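Got your viewer open and a selection box ready? Let's take a short walk through this model, one pick at a time.

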Amino acid sequence: MKKTLARVYHIILMIFVANVFLNYLDWQFYGYYTEKVIAWIWMVFTSIYVVVFWRSKKVKIYFSTIVTILFLSFLPMGIPLFVMYYYVTTTEDYQQISLNNTYRIERTEQSVMAPTRVYIYEKRYYLLEKNIGWFSYRDIVEEVLYLEKYNHDLLPDD
């Protein structure tokens, strides 16, 4: 039973690490909720794994490292903590529009310090999608509604 749990956890951990690495390279697994579900599954299984294998020194070090990183993220105004919070929740995600089976548009803020942006994703390789472009939401509103010439009060705040 414990060997099976350890194998399942290591597979989930590899998927989570792959997801974070892909996101760093402007790729992600296909779908809006996929990365959020992977992150939540990793958090739940990490909790179970730590409880079951608590007697192991490696698990205590692993858990201590995760907790230390979490608390150290509070030092620079909590920005890494809020980035992780935005990553695993739908906070500040305003719209997801599926144009067709290949392209998807998302209007969101990816972190606390980032302005609202519009991201365009293209589905590739069945399970993966690539961020092929992003634009400032303010620029899009200005261009589409010609607001820069007339009324700045209608523009969204950055």
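What follows is a set of stops, each with something to select and what you will find there.

Before you start: this is a predicted model, where local features need pLDDT of at least 70, side-chain atom pairs count only at pLDDT 80 or more, and totals for chains, interfaces and linings use all residues. Residues are numbered from 1 along each chain as its sequence is written, and side-chain values use heavy atoms, with hydrogens and water left out.

**Stop 1: the opening helix.** Select residues 2-24, which is helix H1. Helices (H or I, at least four residues) and strands (E, at least two) are DSSP runs here, numbered from the N terminus. H1 has 23 residues and spans 33 Å from first C-alpha to last, close to the 33 Å expected at 1.5 Å a residue; the expected span is 1.5 Å times one less than the number of residues.

Now show side chains for Leu5, Ala6, Tyr9, Ile12, Phe16, Asn19 and Leu22, the buried residues of H1. Buried means under 20% relative accessible area, exposed over 50%, and partly exposed in between (1.4 Å probe, protein chains only). What do they pack against? Their partners are strand E1 (27-29), helices H2 (34-52), H3 (57-72) and H4 (79-88), and strand E5 (128-136). Just past H1, click aspartate 26: its phi is positive, near 65°.

**Stop 2: the salt bridges.** There are three in the structure, counted when a side-chain nitrogen of Lys or Arg is within 4 Å of a carboxyl oxygen of Asp or Glu. Pick Arg104, Glu106 and Glu129 together, since they form a salt-bridge network. Arginine 104 meets glutamate 106 at 2.7 Å, N to O, and glutamate 129 with the closest N and O atoms 2.5 Å apart. That second pair links distant parts of the chain, from strand E3 (residues 103-108) to E5, 25 residues apart. Arginine 104 is buried at 9% relative accessible area, glutamate 129 is buried at 1%, and glutamate 106 is buried too.

Then jump to arginine 124 and glutamate 122, whose side chains meet at 3.0 Å, N to O. Is arginine 124 buried or partly exposed? At 29% relative accessibility, arginine 124 counts as partly exposed, whereas glutamate 122 is buried at 17%.

**Stop 3: a loop threonine.** Finish on threonine 116, in the loop between E3 and strand E4 (117-124). Threonine 116 is buried, at 10% relative accessible area. Leaving aside neighbours within four places in sequence, threonine 116 is in contact (heavy atoms within 4.5 Å) with Tyr94, Arg107, Thr108, Glu109, Ser136 and Tyr137.
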